Every structure is written in structure tokens, then in C-alpha cells.
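Work through the following exercises with the structure open beside you, and try each task before reading its solution.

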Amino acid sequence: MGIIGDSLDKASANVFTRPIPKSAGAQIRFLVKHEKGSTRTVARRLGISQRTVERYLKGQIKKPRPELADRLQGEVRKNWQPVVRKRARTQAATATGITIETRARFGFTAAPGTTDDGRIRLITQHLPPVYADRLFTAKDAGAGEQELRNIVAQGLQEVYFKDGGRRANDLLVEFTDIDYLETDYS
């Protein structure tokens, strides 16, 4: 997806109360159960044949190729503990908010006579629930990386740089050259 979308997915994985199944057979069984017994649907999701899925179920194949192992783990993660993930997201979007840690270039559009040259900053900031809700809603609606980046930039602008409206009222923040970004809402 993108830096921000991937970061939200990682944060979602951090709220699991149980680890995902470790063996390929257990992961395949989970996916088949999730797809209501349809080995064809699981095969389509993984990009393998239906017969291969059946062989994993019977224990005839135990160790997948590395690229299949990665796809398999990714598909299991998407569907693992949906109630736990939904509860954590709802909590973040309504009550607790989201924490953003990033190292990126921040440039400013400000009043004449001020320094507005962009520079790399390391920022860890807790954003209120309204920004968590906007991020989750946009991601679920299929928003692109730029739209997610704009939401994070607006949140950091209001909370970090403008200090909730107590300073720099005319400041507009540009959020570019993201080195890394991590989110947490657990």
C-alpha cells in the first residue's frame, strides 16, 4: 500500500491477543475455515492450485516456498482476530487516539520574515481520536498514500506545531521525504 498504510497494518497486528498460527498447515486450515471450507477460494487468494491447498491440509506438504510463506502469513494476518482488531480501532477512533512516530522532512509556509526551510525532524506525537478516525476511514475507503499523508500532516500541524491553537496560527506544514513512520494505538 504505502508507508502510512503499512504502518497502520503493523499497528493492527500489535493488538492481537494470540499469535497467528506458525505452521503452514495450521495457516492453511485457518484460511479454509475462514472461507467456509472453500479450498478453491484459498487457492485463488494465495495464487496456487486447489490441489496444493488440499495437499497442505492432508499434511503431504509441510514447508512452503519463501514467497508462498510470506503470502500465506500476510493472508492469515488480514483475517486473524477481527473482533480484537475492530475493538482496538474503535477505541482509538473514539477515545484514546493514535501515536505517530516519524522521521521526515517538514517544511513550512509561514509569515514573511520567518524561517520556513524544510528540515528532517524526529517526532513522536500522540494525535487525538479525530485523526485516528479520519485515518481509519480513509484507509478503509481505499485512499491513496498522499491522502493518508495529508491527514497525518494536518494532525501533526495542529497538535505538534501549533500546540492546539496556542501558537503559529498561520503556519501550514508540508510533510515530505518520510524516512520512516510507525503508528501505535494499542
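The exercises below concern a predicted model, and each is followed by a worked solution.

**Exercise 1.** Determine how helix α3 and helix α4 are oriented to each other, and which residues make the contact.

*Solution.* Begin with the axes: those of α3 (residues 39–46) and α4 (residues 50–58) come within 8 Å and cross at roughly 110°. Angles of 65 to 115 degrees count as roughly perpendicular, and α3 and α4 are therefore roughly perpendicular to each other. Next, list the residues in contact, which are T39, R40, V42 and A43 on the side of α3, and Q50, V53, E54 and L57 on the side of α4. Finally, sort these residues by character, which gives four nonpolar, two polar and two charged.

**Exercise 2.** Establish which residues of helix α7 are buried, and how they are arranged around its axis.

*Solution.* Helix α7 runs over residues 129–140, and its twelve residues reach 16 Å from the first C-alpha to the last, close to the 16 Å expected at 1.5 Å a residue. Within α7, the buried residues are Y131, A132, L135, F136, A138 and K139. Viewed down the axis of α7, these buried residues fall within an arc of 165°, so they line one face of the helix. Just after α7, the chain comes to G142, whose phi is positive at about 85°.

**Exercise 3.** Locate I151, decide whether I151 is buried or exposed, and find what I151 touches.

*Solution.* I151 is placed in helix α8, which spans residues 145–161. Since buried means under 20% relative accessible area, I151 counts as buried at 6% relative accessibility. Not counting residues up to four places away in sequence, I151 touches Y131, R134, L135 and A138. For L135, which lies 16 residues from I151 along the chain, the C-alpha atoms of the pair are separated by 6.7 Å.

**Exercise 4.** Examine K36 and Q81, and state for each where the residue lies and whether it is buried or exposed.

*Solution.* Take K36 to begin with: K36 is not a glycine, yet its phi is positive, at about 60°. K36 sits in the loop between α2 (24–34) and α3, and at 78% relative accessibility K36 counts as exposed. Turning to Q81, its phi is near 45°, again a positive value in a residue other than glycine. Q81 belongs to the loop between α5 (66–79) and α6 (82–96), and at 11% relative accessibility Q81 counts as buried.

Definitions and conventions. Residues numbered from 1 in each chain as written. Predicted model: local features only at pLDDT ≥ 70, side-chain atom pairs only at ≥ 80, totals over all residues. Heavy atoms only, no water. Axes fitted to C-alpha atoms, helices over the stretch in contact; angles between N-to-C directions. Helix = DSSP H or I, 4+ residues; strand = E, 2+ residues; numbered from the N terminus. Parallel < 35°, antiparallel > 145°, perpendicular 65-115°, else oblique. Contact = heavy atoms within 4.5 Å. Nonpolar A, V, L, I, M, F, W, Y, C, P; charged D, E, K, R; others polar. Expected span 1.5 Å × (residues − 1). Buried < 20%, exposed > 50% of the residue type's maximum accessible area, 1.4 Å probe, protein only. Arc of directions from axis to C-beta.
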